[in-house]
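Here's a quick walk through one model, with a stop at an annotated site and another at a pair of helices. Keep the structure open as you read.

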Amino acid sequence: MHNAILPGILRINDEMVALRRQLHAHPELGFEEFNTRRLVMEKLQGWGYQLTEGIGGTGVVATLQCGRGPTIGLRADMDALPIQEETGLPWASQIDGKMHACGHDGHTAILLAAACELARSRRFAGTLHLIFQPAEEGHGGSGAKRMLDDGLFRRFPCDAIFALHNMPGIPLGKLGFRAGAFMASTDTITILIHGTGGHGAMPQRAVDPVVVAASLVLALQTIVSRNVPPLETAVLTVGAILAGEAANVIPASAELRLTVRALNPAVRALLHQRIHQLAEQHAAGFGARAEVQFQHGYPVLVNDDVITQQAMLLASEWLGAGNVIADLAPLTGSEDFAYWLEQVPGCYFIVGNGDGDGGCMVHNPGYDFNDEALPLAASFWVRLVEHWLGPATTA
């Protein structure tokens with residue numbers, strides 16, 4: 001793997017690792033990435049990029065143009081999570097209740113390392129947009145959607161866009177790709193069950209919403225097993241049941257909170273339809289009433305077939321076919337980069353975070369980005385830009 005790392009990236013690797021750990025120690029939640037943005041802009045300005053801030057709140061777009069040619073966009077997400085870190089590392093979060101538990105500190109450092117080398121070498125002909133996105137985790141809304149609402153691709157048009165994410169459990173030095181639907185849509189659904197409250201000792205005089213809710217949890221599971229085609233992917237999880245305060249009181253209402261995932265927009269629509277129908281009819285069978293509220297989340301992330309194939313072939317030629325996963329299994333997690341892929345063709349791919357020390361899953365208080373993945377991923381960004389835009393030409 002060491003032979004694949006570009007010399008220019010290798011020279012700055014220690015500096016970029018230190019920067020990554022600085023970001024890790026000072027995590028900021030979505031739309032609060034003020035210090036992260038300042039650090040990112042200081043570096044990019046010193047390397048000669050044209051900077052535009054304030055897109056999507058705390059987002060930054062850095063532009064570097066070398067002659068005439070196509071335009072490519074690379075994205076890094078910057079936000080942390082509301083999790084108390086438990087790694088005990090010297091660079092662990094210094095902010096209570098906040099940590100970089102998804103590796104966005106690593107993604108930001110990777111793109112900055114690539115930015116430094118690309119500004120130094122300038123071996124491409126065209127325009128490069130580096131997009132540092134806030135709020136990928138969705139706390140307070142989608143940063144990707146907010147940047148689109150602020151005219152991201154109208155102001156910074158791209159012929160192709162790319163993003164990466166680290167993945168614990170995939171060996172260090174491997175890259176993973178999948179054309180087509182790669183990550184699931186996500187929706188949050190709340191079902192309010194309205195019954196009739198009463199004394200716990202006299203249930204015949206009440207309509208117990210707790211019983212309705214308990215029965216409905218089981219009934220909802222039949223949607224995936226009996227309504228969704230067997231070869232499609234769908235997830236319906238009831239993550240919370242809220243009802244009542246006292247053991248001897250039948251409450252007047254109960255609440256179910258669901259997360260719903262799909263890899264096909266048609267299946268997503270089917271899930272919505274059947275949840276609504278089943279909840280209303282199931283509650284009515286008990287003499288209760290169900291109110292269904294939908295909070296639409298990220299769409300299905302769909303990679304462009306041609307662009308993904310080109311990126312995968314480049315990775316295979318560079319790293320060797322044995323270090324490229326050519327048809328990575330789809331993921332039922334979600335990613336707001338999907339919004340951008342609905343407007344611009346591109347590819348979202350995976351970087352191995354390791355299956356040993358880097359094997360702790362993301363969104364876990366014991367997680368840390370594997371710094372050994374940084375120089376390889378940064379080198380691939382450089383290779384990708386140079387391949388996609390082509391070599392610089394001289395007059």
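Which residues does Glu137 touch, not counting residues up to four places away in sequence? This is a predicted model, and in it Glu137 touches Asp79, Ala80, Leu81, Cys102, His104, Tyr298 and His363.

Three names in that contact list come up again in a record. UniProt, in an unreviewed entry, places the feature "binding site" at Cys102, His104, Glu137, His165 and His363. Those positions span 262 residues in sequence, yet no two of their C-alpha atoms are more than 13.2 Å apart, so they gather at one spot. From this set, Cys102, Glu137, His165 and His363 are part of the lining of the largest pocket.

Now for two members of the set, plus His100. Here's where each of them sits and how much of it is accessible.

| Residue | Location | Relative accessibility |
|---|---|---|
| Glu137 | loop between β4 (126-133) and α4 (143-149) | 17%, buried |
| His165 | strand β5 (residues 160-167) | 8%, buried |
| His100 | loop between β3 (71-77) and α3 | 2%, buried |

Buried or exposed: how does Glu137 count? With the cut-off for buried set at under 20% relative accessible area, Glu137 counts as buried because its value is 17%.

His165 has its own set of partners. Leaving aside neighbours within four places in sequence, you'll find His165 in contact with Cys102 and His104, and also with His107, Glu335, Tyr348, Phe349, Ile350 and Val351. Cys102 and His104 also turn up among the residues that Glu137 touches.

What about His100? Again setting aside neighbours within four places in sequence, His100 contacts Leu23, His24, Pro27, Met78, Asp79, Ala80, Asp105 and Tyr367. Asp79 and Ala80 are on the Glu137 list as well.

Next, the helices. Two packed helices are described by the angle between their axes and the distance between the axes. For helix α2 (residues 34-46) and helix α3 (residues 104-121), the axes come within 10 Å and cross at roughly 10°. An angle under 35 degrees counts as roughly parallel, so α2 is roughly parallel to α3.

Which residues make the contact? On the α2 side they are Leu39, Val40, Lys43 and Leu44, and α3 brings Thr108, Leu112 and Ala115. By type, the residues of this α2 and α3 contact split into five nonpolar, one polar and one charged.

Methods: Residues are numbered from 1 along each chain as its sequence is written. This is a predicted model: local features need pLDDT of at least 70, side-chain atom pairs count only at pLDDT 80 or more; totals for chains, interfaces and linings use all residues. Side-chain values use heavy atoms; hydrogens and water are left out. UniProt positions are given in the numbering used here, feature names are shortened, and annotations may be inferred rather than shown by experiment. On a 1 Å grid over the protein atoms alone, a cavity is a set of points where a 1.4 Å probe fits but cannot get out, and a pocket is an open set with protein on both sides within 12 Å along at least five of seven lines; lining residues have an atom within 4 Å of a point. Helices (H or I, at least four residues) and strands (E, at least two) are DSSP runs, numbered from the N terminus. Buried means under 20% relative accessible area, exposed over 50%, partly exposed in between (1.4 Å probe, protein chains only). Contact means heavy atoms within 4.5 Å. Axes are lines fitted to C-alpha atoms, for helices over the stretch in contact, and angles run from 0 to 180 degrees between N-to-C directions. Angles under 35 degrees count as roughly parallel, over 145 as roughly antiparallel, 65 to 115 as roughly perpendicular and the rest as oblique. Ala, Val, Leu, Ile, Met, Phe, Trp, Tyr, Cys and Pro count as nonpolar, Asp, Glu, Lys and Arg as charged, and the others, Gly among them, as polar.
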